[in-house]
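Reader: I am new to this structure and should be grateful for a close look at a single part of it.
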Amino acid sequence: MKPAPESAVETASKKEWPRWKNDCSGFAHAVADDLGLELSGTANAMVDTMGVKANGWVDLGSDPKLAISYANRGFFVVAGLKAAGHGHVAVIIPTDPGSPYPVGYWGRFGGVGKEKTGINWSWNHRDLPKVLYYAKPVPESH
């Protein structure tokens, strides 16, 4: 059986990760830009922006299964959690629907993020249930 073609989100994530592996918000911004979408600011500002319906984002709440479903349908899905000082964001890619956590890419301020890894490695288990997910359709030209 032939594997499914790579999603535009995963292609952009693979491309941008080496440059932005030390900056979660810079990484998410670069992937969005590659997809023809606008996303800017710090991780905290991104979560605020994505939470405004008028900006075209679909608020998926804190449901990882819903995030996986949207990512598997080709949407640009961002996981985010605001925090004092520096919040954190990760880009979700298509994930096995049976997985308990979405798989994604992210940069890490003051360290090195991860690529194609379950987001349970991106947040500690205390914060993981508080992570919010947002989705936006990728323009058809991508």
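What is the volume of the largest pocket?

Author: In this predicted model, local features need pLDDT of at least 70 and side-chain atom pairs pLDDT 80 or more, while totals for chains, interfaces and linings use all residues. Residues are numbered from 1 along each chain, and side-chain values use heavy atoms, without hydrogens or water.

The largest pocket (an open set of 1 Å grid points that fit a 1.4 Å probe, with protein on both sides within 12 Å along at least five of seven lines) has a volume (space filled by probe spheres on the points) of about 310 Å³. Its lining (residues with an atom within 4 Å of a point) comprises 17 residues, of which Cys24, Ala43, His86, Gly87 and His88 are closest to the centre. By class, six are nonpolar, eight polar (Gly included) and three charged. Helix 2 (24-34) and helix 3 (43-50) each supply at least two lining residues; helices are DSSP runs of H or I, at least four residues, and strands runs of E, at least two.

His88, among the residues closest to the pocket centre, also belongs to strand 3 (residues 88-93), whose six residues are all buried (under 20% relative accessible area), so the strand is largely enclosed by the rest of the structure. His88, Ala90 and Ile92 point one way from strand 3, and Val89, Val91 and Ile93 the other.

Strand 3 runs antiparallel to strand 2 (residues 76-81), joined by five bridges, and to strand 4 (residues 103-106), joined by three; pairing requires at least two DSSP bridges. Ile92 stands opposite Val77 in strand 2 and opposite Gly104 in strand 4. In the hairpin of strands 2 and 3, with six residues between them, Gly85 takes a positive phi near 80°.

Key. Buried means under 20% relative accessible area, exposed over 50%, partly exposed in between (1.4 Å probe, protein chains only).
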